[in-house]
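Here is a short briefing on backbone geometry and surface character. Start with the sequence and the model below.

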Amino acid sequence: MADRAMMLDGIRVLDLSRVIAGPYCATLMADLGADVVKVERPGRGDDLRAWRGNGMSATFAAINRNKRGIAVDLQQPEGSKLVFELARRADVVIENFLPGVADKLGLGYTAVRAVNPAAVYVSVTGFGQTGPHARRAGYNTIAQGMSGIMALTGMPGHPPTKVGGSVADVAAAFLAFGVANAALAHRLRTGQGQHLDVSLLASTLALLPDPVAHYFDSGKRPPRVGNRNPYLTPAEAFRTKDGWVQVVIMNPDQYTRFSRALGDDSGPRRARAGAGHDRLLGHAVPGRTGGRRTDPRVRRGVRGPSSEAPRPGRRGRAARLRARAHARLPGQGLGDARHDPAPGAAARRTHRGGPRRARFAEGRGRASCRRRRRRPGVTATDA
């Protein structure tokens, strides 16, 4: 049986770009069968070749697979003329020069369109073809910082953190790949090409539709929440005896099934009531603050050895840990532990005390907490 043609068989792509964003867009097209010719500088080539490599780094090979390549000096008239001839016959041209540079080389969209009106011309830059930053070089970390994705990444109280990998470059590559193929579909109907303006900054910002929507809806700046989900609980990474497990519960039905998988009889009943219970995960996942811990001293709510009970008027350690965990949780919603406190008398009293009391326990020292909370009738242990 003959192999079926790939989706982009017969499409010719001229890749004038370098590093990651532009080249990876061309690679995605090559993966679908397009004939891609990559143009590089003589001698030096693409900067990516030297990343932990000597002419053919692993990164360069991964980003530029399935391509043919030539070395041409675009600063020389002969070289520019040769590449222009390739552009005249190409279906797609991809470049990531600073705005205006391709025009100076005689390879800009206006020149290419004059001889090839059906060409899809993709320009990938840091900040777009126009605007105050248009002529600035843009890189992955810069785009991450300016887009706000670093402000949302990391643990609460920590500094802004870069997302692993070159996500800004890859986001721009995916976006360029998508709009280039949409422009090819448009060309099938009209016979006309397009000039597509793709920037790292806008592409990275496009990775944040939900935080951006929340900001414009509420007017509140989204905080860093670490591995947690700001809208769902439980929805984060939990430590287990043999590693980490990622749990995301989106609705009460999922919580019911999750509780059954954990073997917790109260889970289905509570889930049917419409509330998820973050603390239940602590029973089955050791190390989860706010649930049962592996240390017997914490389970029993005492500070010293398991045989030592706390002195009268002093809350157990487990109750304090639970109060701190509840104070860090988000507002009302599925699995809001402030509306479903951990078991134990002291925890229930902390819950009844409201958010102000929980914050007090979070921010003050032990001595201050003891002075504030010492009263007759306070039991010493948690069940």
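**Backbone outliers and a surface patch**

At 23% relative accessibility, Val-19 is partly exposed, because that class lies between the buried limit of under 20% and the exposed limit of over 50%. The model is predicted. Most residues other than glycine have a negative phi, and most peptide bonds are trans. The points below cover two positive phi values, one cis bond and one nonpolar patch.

**Positive phi**

- Val-19 is not a glycine, yet its phi is positive, near 70°.
- Val-19 sits in the loop that links strand 1 (12-15) to helix 1 (21-31).
- Asn-66, also not a glycine, has a positive phi of about 65°.
- The loop between helix 2 (58-63) and strand 3 (68-71) holds Asn-66.
- Asn-66 counts as exposed because its relative accessible area is 53%, and the class begins over 50%.

**Cis peptide bond**

- Thr-233 and Pro-234 are joined by a cis peptide bond, with omega near 0°.
- Pro-234 belongs to the loop between helix 9 (209-218) and strand 7 (235-240).

**Nonpolar surface patch**

- Tyr-139, Ile-142 and Met-146 make up a nonpolar patch on the surface.
- Together, Tyr-139, Ile-142 and Met-146 have about 310 Å² of accessible area.
- Ile-142 is part of helix 6 (residues 140-147).
- With a relative accessible area of 37%, Ile-142 is partly exposed.
- Ile-142 can therefore count towards a patch, as patch residues need over 30% relative accessible area.

Methods. Residues numbered from 1 in each chain as written. Predicted model: local features only at pLDDT ≥ 70, side-chain atom pairs only at ≥ 80, totals over all residues. Heavy atoms only, no water. Helix = DSSP H or I, 4+ residues; strand = E, 2+ residues; numbered from the N terminus. Buried < 20%, exposed > 50% of the residue type's maximum accessible area, 1.4 Å probe, protein only. Patch = residues over 30% accessible without salt bridge, like charges linked within 9 Å, V, L, I, M, F, W, Y side chains within 5 Å. Areas by Shrake-Rupley, 256 points an atom, 1.4 Å probe, with all protein chains shown as cover. Salt bridge = Lys/Arg side-chain N within 4 Å of Asp/Glu carboxyl O.
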